[in-house]
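Student: Please take a close look at the pockets of this model. Then work outwards to the core, the cysteines and a few single residues.

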2 protein chains.
Amino acid sequence: MKHNMQILQELAAANGPLCVGLDTDPSYIPPSVLAKYDSPAQAVLAYNTEIIDRVATAKSACCFKVQIAYYEAMGLEGMRVYEQTLKAVKKSGLACISDIKRGDIAATAGAYARAHFSGDFETDIITINPYMGFDTLKPFTEYAQKAGKGMFVLLRTSNPGMTDIEQKELKEGGRVLDGVGAELERLSKEFASFYPEQTCSPVGAVVGCTEESDAKALREAYPDIFFLIPGYGAQGGAARIAATLLKNAGGTVNSSRGILCAWKKSPTCLQKEQDGSLTMDDIGDAAGAAAIEAKNDLLSAFAAL
Amino acid sequence: MKHNMQILQELAAANGPLCVGLDTDPSYIPPSVLAKYDSPAQAVLAYNTEIIDRVATAKSACCFKVQIAYYEAMGLEGMRVYEQTLKAVKKSGLACISDIKRGDIAATAGAYARAHFSGDFETDIITINPYMGFDTLKPFTEYAQKAGKGMFVLLRTSNPGMTDIEQKELKEGGRVLDGVGAELERLSKEFASFYPEQTCSPVGAVVGCTEESDAKALREAYPDIFFLIPGYGAQGGAARIAATLLKNAGGTVNSSRGILCAWKKSPTCLQKEQDGSLTMDDIGDAAGAAAIEAKNDLLSAFAAL
């Protein structure tokens with residue numbers, strides 16, 4: 001059995017490294033289009049479906065990342081739309097990352113693992129917050145063994161506050177995040193004997209960088225770990241930094257708003273929005289074109305390294 | 001306007017410090033009782049309702065802590081039961097803590113704040129994971145200002161893995177958790193001028209201890225911060241350690257399985273389970289009695305300090 005991170009790594013080799021982030025806030029949908037739906041949540045589902053369809057057809061990405069916070073924010077109906085979005089991604093044939101950043105003591109982490117690796121909210125790969133300690137990863141890694149599930153553990157984020165804990169230097173040497181990295185390498189070795197025929201570990205790392213030197217250092221420090229790379233596009237990270245992180249074991253580079261809000265930069269969409277003739281189909285087209293553009297941007301940056 | 005942490009502090013003074021944890025896994029309900037409901041999730045809701053009713057009537061606790069992981073694990077129906085449990089707590093007049101341990105970059109943290117401080121999943125107080133940095137707290141503290149919402153930030157957990165990051169000593173001096181504590185104190189001062197007439201900050205801390213010396217040191221280090229104290233009861237923390245953490249600004253002490261699974265220690269319930277006559281009412285009685293016992297245990301330990 002191939003585990004999900006291996007499948008994602010192969011999809012990235014085939015389709016390119018783009019991950020399309022479905023952090024779909026209703027405010028990203030033009031008001032005139034939003035108004036055509038029974039509720040903001042239904043408009044989000046329709047928009048997600050349009051984007052998933054275009055990206056899968058064009059093979060412009062290897063995966064989708066669904067940020068659960070935006071669905072929780074829409075309450076019970078939002079959670080139904082979350083479940084339906086996961087199903088639509090599953091049907092597309094691309095990999096599904098649920099960006100949940102859960103983390104809790106072992107018994108509760110077990111409940112989160114059941115929640116996101118089985119049942120209504122079942123996904124391929126989740127994101128995890130390791131702050132409470134490495135014992136809290138175990139319920140998740142058990143699903144990697146028994147069901148081929150994957151996970152990206154927060155290693156280095158790209159928000160300003162990452163200097164508050166992640167980057168702090170320890171008395172014993174190294175930084176806080178180096179401890180997390182060492183644990184990921186340990187897990188990687190453990191899984192190498194469990195999944196001997198596969199080229200990456202089911203446990204990857206979230207690595208966002210805003211400077212190329214950091215990206216280089218982290219890629220060199222963890223050559224065998226597959227990365228989930230946020231911060232490209234709307235968050236300001238350049239393609240070159242992302243490409244640096246794509247070397248060695250590779251990774252997938254997320255763009256959310258750059259794709260979801262692409263209609264705002266499309267003259268056709270803006271004209272139609274003024275006319276009152278803008279449709280979901282139009283903004284889906286803009287998003288689909290932006291995904292192809294992002295894919296090509298990343299591939300060019302990687303080729304130019 | 002009183003903020004929710006102030007209300008909780010006053011409820012703790014009136015009803016005692018117990019927090020009843022509704023981490024209600026269906027496996028905690030006797031199989032013969034579980035079988036009477038349409039689904040495990042419906043049995044969980046019925047059990048929660050029984051417990052909330054008894055605890056509120058007896059005034060044996062100041063609040064309930066609803067651990068969202070167990071509801072997520074039951075999928076969409078679980079999320080409906082989560083929403084209905086929050087509503088039942090609201091109706092009881094006691095405070096409601098949603099144990100969600102969310103944490104993400106600012107825009108996404110904003111979505112989590114909306115999700116849990118408004119709409120279907122609206123609660124009084126949430127728990128937060130600060131790992132990604134202190135900028136990620138801002139969307140939550142804004143709700144403390146504008147809507148009196150409260151939050152407990154993870155400061156020190158009681159699981160073995162807390163030595164992996166939280167307890168690590170920094171090169172610049174102090175431990176990782178001291179940095180978190182300093183930020184909580186800074187926020188506390190900020191809120192003291194915003195809520196001048198109130199005796200605690202809307203931003204409290206999760207502090208679990210398994211040794212009395214640690215409890216003493218943390219209580220002395222942060223005298224003005226209200227604590228959420230896990231690890232009492234089933235997790236093995238003694239009442240004396242919890243009582244030590246209740247000094248100064250005070251706190252609330254959580255017991256989940258000690259109350260939810262109290263029927264397993266009740267001779268009446270065990271006999272009825274054998275007879276096949278055990279009801280939800282019976283296990284609710286056992287839980288209600290266990291809550292009163294826990295309250296008295298904590299008050300005695302505090303008086304004996």
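Tutor: The pockets come next, then the core, the cysteines and the single residues. The model is predicted: local features need pLDDT of at least 70, side-chain atom pairs count only at pLDDT 80 or more, and totals for chains, interfaces and linings use all residues. Residues are numbered from 1 along each chain as its sequence is written, chains are lettered from A and ligands numbered from 1 in the order in which they are written, and side-chain values use heavy atoms, without hydrogens or water.

Take the largest pocket (on a 1 Å grid over the protein atoms alone, an open set of points where a 1.4 Å probe fits, with protein on both sides within 12 Å along at least five of seven lines). The space in the largest pocket is about 440 Å³ (the volume filled by probe spheres set on the points, which are joined across faces, edges and corners). Its lining (residues with an atom within 4 Å of a point) has 18 residues. Nearest the centre of the largest pocket lie Gly258(A), Ala262(A), Lys265(A), Ala290(A) and Glu293(A). Helix 11 (257-260) and helix 13 (280-303) of chain A are the elements that give two or more residues to this lining. Helices here are DSSP runs of H or I with at least four residues, strands are runs of E with at least two, and both are numbered from the N terminus. Helix 13 of chain A supplies the largest share of the lining, 6 residues. By type, the lining of the largest pocket has 9 nonpolar, 4 polar and 5 charged residues. Nonpolar covers Ala, Val, Leu, Ile, Met, Phe, Trp, Tyr, Cys and Pro; charged covers Asp, Glu, Lys and Arg; the others, Gly among them, are polar.

Now the second largest pocket. About 350 Å³ is its volume. It is lined by 16 residues, and Gly258(B), Ile259(B), Lys265(B), Ala290(B) and Glu293(B) sit closest to its centre. Two or more residues of this lining come from each of helix 11 (257-260) and helix 13 (280-303) of chain B. Helix 13 of chain B gives the most, with 5 residues. The lining of the second largest pocket splits into 8 nonpolar, 4 polar and 4 charged residues.

Next, the core. The largest nonpolar core has 221 residues. Such a core is a set of buried Ala, Val, Leu, Ile, Met, Phe, Trp, Tyr and Cys residues joined through side-chain atoms within 4.5 Å. Buried means under 20% relative accessible area, exposed over 50%, partly exposed in between (1.4 Å probe, protein chains only). The members that touch the most others are Leu8(A), Val20(A), Leu22(A), Leu8(B), Val20(B) and Leu22(B).

Look at Leu8(B) itself. Beyond four places in sequence, its contacts (heavy atoms within 4.5 Å) include Cys62(B), Cys63(B), Ala95(B), Ile97(B) and Ile125(B). Phe152(B), Phe226(B) and Thr252(B) are also in contact with Leu8(B). Phe152(B) belongs to strand 5 (residues 150-156) of chain B. Phe152(B) is buried, because its relative accessibility is 0%. From Phe152(B) to Gly250(B) is 98 residues in sequence, and 13 Å in space, C-alpha to C-alpha.

Then the cysteines. All chains together hold 0 disulfides (pairs of cysteine sulfur atoms within 2.5 Å). Cys96(B) cannot pair because the closest cysteine sulfur, in Cys63(B), is 8.8 Å from its own, too far for a bond. Cys96(B) is buried, at 3% relative accessibility. Cys200(B) has its closest cysteine sulfur in Cys62(B), 12 Å away, so that gap too is too far for a bond. Cys200(B) counts as buried at 8%.

Last, some single residues of chain A. Lys101(A) is not a glycine, but its phi is positive, near 45°. Lys101(A) sits in strand 3 (residues 95-102) of chain A. It is buried, with 8% relative accessible area. Asn248(A), again no glycine, has a positive phi of about 55°. Asn248(A) lies in the loop between helix 10 (239-245) and strand 8 (251-255) of chain A. Asn248(A) is exposed, at 55%.

Thr141(A) is part of helix 7 (residues 138-147) of chain A. At 10% relative accessible area, Thr141(A) is buried. Outside its neighbours within four places in sequence, Thr141(A) contacts Met151(A), Leu187(A), Phe191(A) and Val203(A). Gln167(A) is in the loop between strand 5 (150-156) and helix 8 (176-194) of chain A. Gln167(A) is buried, at 17%. Past four places in sequence, Gln167(A) touches Arg156(A), Met162(A), Arg175(A) and Leu177(A).
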